[in-house]
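Please open the model in your viewer, with the sequence panel beside it, and keep a selection tool at hand. The tour moves from one selection to the next and says what is found at each stop.

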Amino acid sequence: MLTIGEVIRWVLSTPVQFIIGRRFYTGSYKALRHGSANMDVLIALGTNAAYFYSVYTVIRAASSPDFEGTDFFETSAMLISFILLGKYLEVLAKGKTSEAIAKLMNLAPETAILLSLDEEGNVISEEEIDSRLIQKNDIIKIIPGAKVASDGFVLWGQSHINESMITGEARPVAKRKGDTVIGGTVNENGVLHIKATNVGSESALAQIVRLVESAQMAKAPVQKFADRISKYFVPLVIMLSFSTWLAWFLAGKLHGYPESWIPSSMDSFELALQFGISVMVIACPCALGLATPTAVMVGTGVGASLGVLIKGGQALEGAHKVNCIVFDKTGTLTVGKPVVVNTRLLKNMVLHEFYELVAATEVNSEHPLAKAIIEYAKKFREDEENPAWPEARDFVSITGHGVKAIVRSKEVIVGNKILMLENNIVIPVDAQDMLTETESMAQTGILVSIDGEVTGVLAISDPVKPGAQEVISILKSMNVRSIMVTGDNWGTASSIASQIGIETVVAEAKPEQKAEKVKELQAEGYAVAMVGDGINDSPALVAADVGMAIGAGTDIAIEAADIVLMKSNLEDVITAIHLSRKTFSRIRLNYIWALGYNILGIPIAAGALFPSTGFRLPPWIAGAAMAASSVSVVCCSLLLKNYERPKKLEKLEIGGIQIE
């Protein structure tokens, strides 16, 4: 009874089963050896059942004059083909999830122009070299439109550099002598000579690539949920599939259903076998296994392109639960360096001349406030980078009070109230009022007297970052509580907090007290994020559920932080939380889809609809459906690529420009 068709099918399906399908055998062997069962076990069982039953029918037909059997060689071959097709599509899609790394890798330029300088620093020669050959302290020339070849600082020239690909900062950043540049960014308009500092694997770009790579490999805790399900799922499916076969087989033998249900080409055993194999195949938990990693990969990639580096699944998972944020003040909510915010002249005098005298007096002082005054005075001398101030004679610095000197034969004293009174200088009522006003606004008031008379009052403060107030109110609308913890004094802290709308303030806190405050909040049941900018915030960054380091620039390797915000923009805190919430809802959607698909698919494959509608799912269609479920989960994750920051933030950017 053996036919040519059966022999040809046997010959064609054998290589598919054992050569192309070999990976399923090795996979299931390894899994079983470690005492667990995975998807490979299900596929190997399903295809082997079909294949070896078919071999049995062929041998039986060859040795019997009246045996009429049907073989299922096509079932095992098509199953393997569809599953591998699914795997292939899945790998293609997964490749897209790690595109972020590829884009980062491509930022580094192929070549660089190396300069040779003589003792005086004049260029002797220049040659084009492979950018991988750049060594520390090499001098590199960057022409307009070219990519910066390595991290370094500007020795000569000025230009604007577009750093958006590294930091996400949209506006080009002005660079002049002494400023740092990042490898991979694009020089816009001027020629620069830079000295290489970090090269090769130490460069900011290499560190970002490493960080994104390790983030994409790290498992999110929610992934353990899938692993746990898979562990019990596979044995359960094997039992279900066996029970399905047994139930249909016994029903057939005991005439539990009419003979007319059995297709003409089969007997009751074969029909039962088809149902059993379909159940085994459709229930593969591969979609479950893909639900988390694909979404985490896409989410971290999107974050990197927005200048928000999320260090893996755990950070993502932590950030989506955050309902309380602790902000450091200096450098996080404020700009981080003192700036002159107000000048009031009490005598008739040109502002330009007034600042000439003040700057000449202050130029020898090392105090941060003195530096702020000089920076401000430079604005009146736009022509020069390092202006030469008039000469100051008899310079005296009185620690904690101020400075005095003789400039252009006038005695200039710059300092606080105590210094003026010590020098018997009367402080007029106007000046007194302005001092009181500046102190109420958490600013530092500085008096300037020229030849024994108070001539002007300067107000200096560390200004609040543009958009800080809006960020706090957006966080409120996202049901996130904001708290400020700072080492600064109560007056300044509470004034800044009231400016931006933060109600809870902890001032005069040491680094370890910041960490204690975080732990207190956690004990109250909050999921706490800490946003800080510096070394002193490290203990709190580690203690928090999610540590966010802000304004890291090139210092990406901030060990303590789970999320690194490359720019100094506070709105990135919102982006980080919003993106992680979006990614997480995508992971949930993936799980619902993968589990729901199995819950729906298994009864249909087991023949639940067969008695009423005559509809059954042949094993190869079950295989195709299983592959489709995996591909759809990956595609669902890929939709995260279209992530856009909350609309409210787009308006903020415009606000930020206006404030400046």
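The stops below take in the domains, then one helix, and then three pairs of helices in a model that is predicted.

**Domains.** Begin by colouring the protein chain by its three parts, which are domain 1 (109-202), domain 2 (302-333 + 466-576) and domain 3 (339-461). If you then place a marker at the C-alpha centre of domain 1 and another at that of domain 3, the two markers will lie 39 Å apart.

**Helix H21.** Next select residues 571-605, which form helix H21. How far apart are its end C-alpha atoms? They are separated by 50 Å, and this agrees with the 51 Å that 35 residues should span at 1.5 Å a residue. Just beyond the helix, pick Gly-607, which follows H21 and has a positive phi near 95 degrees.

**H21 with H8.** Keep H21 shown and add helix H8, residues 221-253; the axes of the two come within 13 Å and cross at roughly 5 degrees. Because angles under 35 degrees count as roughly parallel, H8 and H21 are described that way. To see where they meet, show the side chains of Val-222, Gln-223, Phe-225, Ala-226, Ile-229, Phe-233 and Leu-240 from H8, together with Phe-584, Ile-587, Tyr-591, Leu-595, Asn-598 and Ile-602 from H21. This contact holds 11 nonpolar residues and two polar ones, with no charged residue.

**H3 with H9.** Now move to helix H3 (residues 39-62) and helix H9 (residues 268-282), whose axes are 9 Å apart and pack at an angle of about 160 degrees. The pair is therefore roughly antiparallel, and the crossing of H3 past H9 is left-handed. On the H3 side, the contact is made by Leu-42, Leu-45, Gly-46, Ala-49, Ala-50, Tyr-53 and Thr-57, while H9 contributes Phe-269, Glu-270, Leu-273, Ile-277 and Met-280. Of these residues, nine are nonpolar, two are polar and one is charged.

**H9 with H23.** Finally, leave H9 selected and add helix H23, residues 619-638, which packs with H9 at about 10 degrees, the axes being 8 Å apart. H9 and H23 are therefore roughly parallel to each other. Here Gln-274, Ile-277, Ser-278, Val-281 and Ile-282 of H9 meet Pro-619, Ala-622, Gly-623, Ala-625 and Met-626 of H23, and the contact divides into seven nonpolar residues, three polar and no charged.

How values were computed
Residues numbered from 1 in each chain as written. Predicted model: local features only at pLDDT ≥ 70, side-chain atom pairs only at ≥ 80, totals over all residues. Heavy atoms only, no water. Domains from an automatic or database assignment. Helix = DSSP H or I, 4+ residues; strand = E, 2+ residues; numbered from the N terminus. Expected span 1.5 Å × (residues − 1). Axes fitted to C-alpha atoms, helices over the stretch in contact; angles between N-to-C directions. Parallel < 35°, antiparallel > 145°, perpendicular 65-115°, else oblique. Left-handed = near helix turned anticlockwise from the far one by under 90°. Contact = heavy atoms within 4.5 Å. Nonpolar A, V, L, I, M, F, W, Y, C, P; charged D, E, K, R; others polar.
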